[in-house]
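Reader: Please choose a single part of this model and describe it closely, together with its surroundings. I am a first-year student and would be grateful if each term were explained where it appears.

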Amino acid sequence: MSATLRLHFPSDPRFLSALRAMIGSVAEMIGFGEKEVGMLQLALNEAVTNIIRHSLKNDFDRTIELELELAERVLEVVLRDDGEPAVEVFDCRPAAPSPDRPGGTGLFLMHECLDKIQYERLSDNRNELRFVKNHE
């Protein structure tokens, strides 16, 4: 099966539970197991939370675009927003969380849960975060 789902949603954290449920349902539908579903839900939650907090500066009246690209044994997630760029954050793999260094846990978790993460600042001054989870 190959399909693309697109959704535009407000940058309001109250939508996070609905987004987690949706990606969980889609991942289960294409055969992902419970552990993989949980990893995708955690990664999506962290990504959207970081977009709201850091890129959009907690402005809950903005819009985030979500694309789910489904293929055999692969789920690709694309998030786009019109907030501040985050280029430096994605220049290297984050270090493991430490009590001596606050922050960075979400991005570290995303790298642990996913097979690929790619960030790009688009020519129209939007951010695009693309991540992939392969079905084991």
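Author: The account below begins with the chain as a whole and then turns to one strand and its surroundings.

The model is predicted, and local features are described here where pLDDT is at least 70, side-chain atom pairs count only at pLDDT 80 or more, and totals for chains, interfaces and linings use all residues. Residues are numbered from 1 along each chain as its sequence is written, and side-chain values use heavy atoms, with hydrogens and water left out.

The chain contains 3 helices and 5 strands; these are DSSP runs, of H or I over at least four residues for a helix and of E over at least two for a strand, numbered from the N terminus. Along the sequence they follow the pattern β-α-α-β-β-α-β-β. Of the 136 residues, 43% are buried, where buried means under 20% relative accessible area, exposed means over 50%, and partly exposed lies in between (1.4 Å probe, protein chains only). Among contacts with a separation of 6 or more, 65% link residues 24 or more positions apart; a contact requires heavy atoms within 4.5 Å. The average pLDDT, the predictor's confidence in each residue on a scale from 0 to 100, is 90 for the chain, and 87% of the residues score at least 70. Confidence is highest in E3, with a mean of 97, and lowest in H3, with a mean of 84.

The part chosen for a close look is strand E5, residues 127-134. Where does E5 stand in the order of the sheet? The 5 strands form an open sheet in the order E1-E2-E3-E5-E4, with antiparallel pairing, and E5 is thus placed between E3 and E4. The edges belong to E1 (3-10) and E4 (116-121); each of these has a single partner strand, so one side of each lacks a neighbour in the sheet. Averaged over the sheet and ignoring direction, neighbouring strands are turned by 15° against each other. Two strands count as paired if DSSP finds at least two bridges between them. In general, strands of a sheet pair through backbone hydrogen bonds, either parallel or antiparallel.

On one side, E5 is joined by 8 bridges to E3 (residues 74-81), and the two run antiparallel. Particular partners can be located in the structure: Glu76 is bridged to Val132 in E5, and Asp81 stands opposite Asn127 in E5. The other pairing of E5, with E4, is also antiparallel and has 6 bridges. Here Glu120 stands opposite Glu128 in E5. E4 and E5 form a hairpin with 5 residues between them. In that turn lies Asn125, whose phi is positive, at about 65°. Most residues other than glycine have a negative phi. Asn125 is exposed, with a relative accessible area of 51%.

Is E5 mostly covered or mostly open? It is mostly covered, with 7 of its 8 residues buried. Helix H2 packs on the sheet, touching E1, E2 (63-71), E3 and E5. The direction of H2 makes about 170° with that of E5; such angles run from 0 to 180 degrees between N-to-C directions, along axes fitted to C-alpha atoms, for helices over the stretch in contact. H2 comprises 22 residues (34-55), which at 1.5 Å a residue should span 32 Å, and its end C-alpha atoms lie 31 Å apart, in agreement. The expected span is 1.5 Å times one less than the number of residues. Just after H2, Lys57 has a positive phi of about 55°, and Lys57 counts as exposed at 55% relative accessibility.

E5 also takes part in covering another helix, H3 (residues 105-113), in which the buried residues are Gly106, Leu107, Phe108, Met110, His111 and Cys113. Their cover includes H2, E4 and E5.

Finally, the segment after E5 holds Glu136. Glu136 is exposed, at a relative accessible area of 64%. Apart from neighbours within four places in sequence, Glu136 contacts Glu36 and Arg73. Glu36 and Glu136 are 100 residues apart along the chain, yet their C-alpha atoms are separated by 8.2 Å.
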